[in-house]
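Please look over the sequence and the three-dimensional structure shown here before reading on. The briefing that follows takes up a few topics in turn and is meant for someone meeting this structure for the first time.

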Amino acid sequence: MRITQGAFSYLPDLTDDEIKAQIQYCIDNEWSVAIEFTDDPHPRNVYWEMWGLPMFDVADASGVMLEVDGCREAYPVHYVRVSAFDARLTRQTTALSFLVQRPPEEPGFQLDRQEGPDRTIRYTLRGYASERPEGQRYGRGDS
Amino acid sequence: MTAPAGGGFTMPRPGAGGSEQAVSAEDDPPVPLADDAVLDVDEVRRESDVDAVLERLDAELVGLVPVKTRIREIAALLLVDRMRTRFGLSSSRPALHMSFTGSPGTGKTTVALRMAELLRGLGYLRRGHLVSVTRDDLVGQYIGHTAPKTKEVLKRAMGGVLFIDEAYYLYKEDNERDYGAESVEILLQIMENQRDDLVVILAGYKDRMDDFFRSNPGMSSRIAHHIDFPDYTVEELAAIAGLIAAEHEYVLPEDTVRVLRDYLDKRMRQPRFANARSVRNAIERARLRQANRLVSEPGASVTKQQLQTLEPADFLASRVFTDPPEEADAEG
């Protein structure tokens, strides 16, 4: 199951040139670009780990791509995303966030239903991948 | 209703299909020109703003003939490469890393700035900005500090020119535990792998740069253009003084220029002479003396012309004229 998170995730995976163009768009808008990675696929997992610091003064997308490649090399089977933060007053939020790498196999989620009183049902989404400990979730446990 | 290819629901993808061709057609002509086609060199020149940059180089920089010749050659090569692409000939991107050697104040930084603009005009750099750094910006203070620091600087310079001033400080031959070597290593790696994204210019004094290259043969061989900046003659320095004065909207009358030449002649023979930088300093000090002269005059009333003019006296008061040469302060 291909998870869909952030922008462009319903599209075929972006090529490096397309990623570069998107990053350049962020830089041209004066958003600071950051790279994050995780291996917890849950949609409500907001605590991704940062790869280095956000890049505030990079003028060209190839500088960011250098870091994206660095992150991909260090975490070959993690999810990696690029997020751009718009620091302008009145916005001050993430302006764009999209995946730049996903694991080769994504096992998907189990939906748990918990029966409550009065026939209520509580739903829990549990990623099959997150049954294994962190770092060993998508094959090649060495990362 | 037609089912989208590949099953499942998909979003229409902007840029896919027909419009993609339109984009690529804009970027470069897909069909190479015929073998017997003729290209108008002037037209290609006009397309890039190479002439504007070269003209500014001529107007703003006095002398420096070998430097200008080399820049012209590089510009010509880049133009030819551009025309070769039009015919579908292979045009491997030339190695553009450079080293600028010369005495202080011979315009190395200024030329680097122009070089960034020139390369951008020719489409070899996407941004054309100049990131000027020294050893402090590249080399860390403890183990593990250097690599991220150097990479940070390189990231900032991507798409433009990285100008490393006094590059020989990067590598200290007598201290093998110095972190500079690590920085040089990363620099070399990026210079090789990211040739399309970054142009590195190393600058420094001639003899020390030679030593630096001798202890880093890898660095020397990755730099295609070793450009030596000659010292200025008195005539050229006087012309530079005229340019600097004009920049500040001052006027140097004929007799002031004569005194200034005399001053430069004496100053050149003194220690710590820094070419154009010394000229700039001399003008700055003349401005101070002129201001003092105008203000302290009794019954002061000044005209626009007086405010603009630097008199010979403003230069004659310099210590270069009054002190015997061996005791003279270098920047007097």
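What is the area buried between chain A and chain B, and what percentage of that area do carbon and sulfur atoms give? In this predicted model, the two chains bury about 1400 Å² between them, and carbon and sulfur atoms give 57% of that area. The points below begin with this interface, go on to chain B and its two domains, and end with individual residues of both chains.

**The interface between chain A and chain B**

- The buried area of about 1400 Å² is spread unevenly on the side of chain A, where A:Tyr10, A:Asp60 and A:Leu66 lose the most area to chain B and together account for 36% of what that side buries.
- Counted by residues, the contact draws on 16 residues from chain A and on 13 residues from chain B.
- Five salt bridges are counted between chain A and chain B, and one of the residue pairs joined in this way is B:Arg127 with A:Asp60, whose closest N and O atoms are 3.2 Å apart.
- A:Asp60 therefore appears in two roles, since a salt bridge is a side-chain nitrogen of Lys or Arg within 4 Å of a carboxyl oxygen of Asp or Glu, and A:Asp60 is also among the residues of chain A that lose the most area to chain B.
- Four residue pairs in polar contact, with both residues at pLDDT 80 or more, are also counted between chain A and chain B.
- On the side of chain A that touches chain B, α1 (16-28) and α2 (61-74) each supply at least two residues, and the residues of that side divide into seven nonpolar, three polar and six charged.

**Chain B as a whole**

- Chain B has 332 residues, of which buried residues make up 41%, and its secondary structure comes to 16 helices and five strands.
- Among the contacts in chain B with a separation of 6 or more, 76% are accounted for by residues that stand 24 or more positions apart.

**The two domains of chain B**

- The domain assignment divides chain B into domain 1 (41-229) and domain 2 (234-322), and the centres of these domains, taken over C-alpha atoms, are separated by 34 Å.
- Eight residues of domain 1 of chain B are in contact with eight residues of domain 2 of chain B, and the area buried between these domains is about 570 Å², with carbon and sulfur atoms giving 62% of it.
- Within domain 1 of chain B, the residues that lose the most area to domain 2 are B:Val62, B:Pro104 and B:Gly105, which together make up 73% of what that side buries.
- Across this interface between the domains of chain B there are zero salt bridges, while two residue pairs are found in polar contact, both residues being at pLDDT 80 or more.
- The side of domain 1 of chain B that touches domain 2 of chain B is made up of three nonpolar residues, four polar residues and one charged residue.

**A buried residue in chain B**

- B:Thr101 has its place in strand β1 (residues 98-102) of chain B and, at 6% relative accessibility, counts as buried because the limit for that class is under 20%.
- The side chain of B:Thr101 makes a polar contact with the side chain of B:Asp228 at 2.8 Å.
- When neighbours within four places in sequence are left aside, the residues in contact with B:Thr101 include B:Lys108, B:Gly204, B:Met209 and B:Phe229.

**Individual residues in chain A**

- Most residues other than glycine have a negative phi.
- A:Phe8 has a positive phi, near 65°, although this residue is not glycine; A:Phe8 is placed in the segment before α1 of chain A and is partly exposed, with a relative accessible area of 26%.
- A:Arg119, another residue other than glycine, has a positive phi near 60° and lies in the loop between β5 (109-115) and β6 (121-127) of chain A, where A:Arg119 is exposed, with a relative accessible area of 77%.
- A:Gly139 lies in the segment after β6 of chain A and counts as partly exposed at 47% relative accessibility.
- The C-alpha atoms of A:Gly139 and A:Glu105 are separated by 8.5 Å, with these residues standing 34 residues apart along the chain.

Key:
Residues numbered from 1 in each chain as written. Chains lettered and ligands numbered in written order. Predicted model: local features only at pLDDT ≥ 70, side-chain atom pairs only at ≥ 80, totals over all residues. Heavy atoms only, no water. Contact = heavy atoms within 4.5 Å. Buried area = accessible area lost by both parts, 1.4 Å probe. Polar contact = N/O pair within 3.5 Å; in protein donor to acceptor, adjacent residues only side chain to side chain. Helix = DSSP H or I, 4+ residues; strand = E, 2+ residues; numbered from the N terminus. Nonpolar A, V, L, I, M, F, W, Y, C, P; charged D, E, K, R; others polar. Buried < 20%, exposed > 50% of the residue type's maximum accessible area, 1.4 Å probe, protein only. Domains from an automatic or database assignment.
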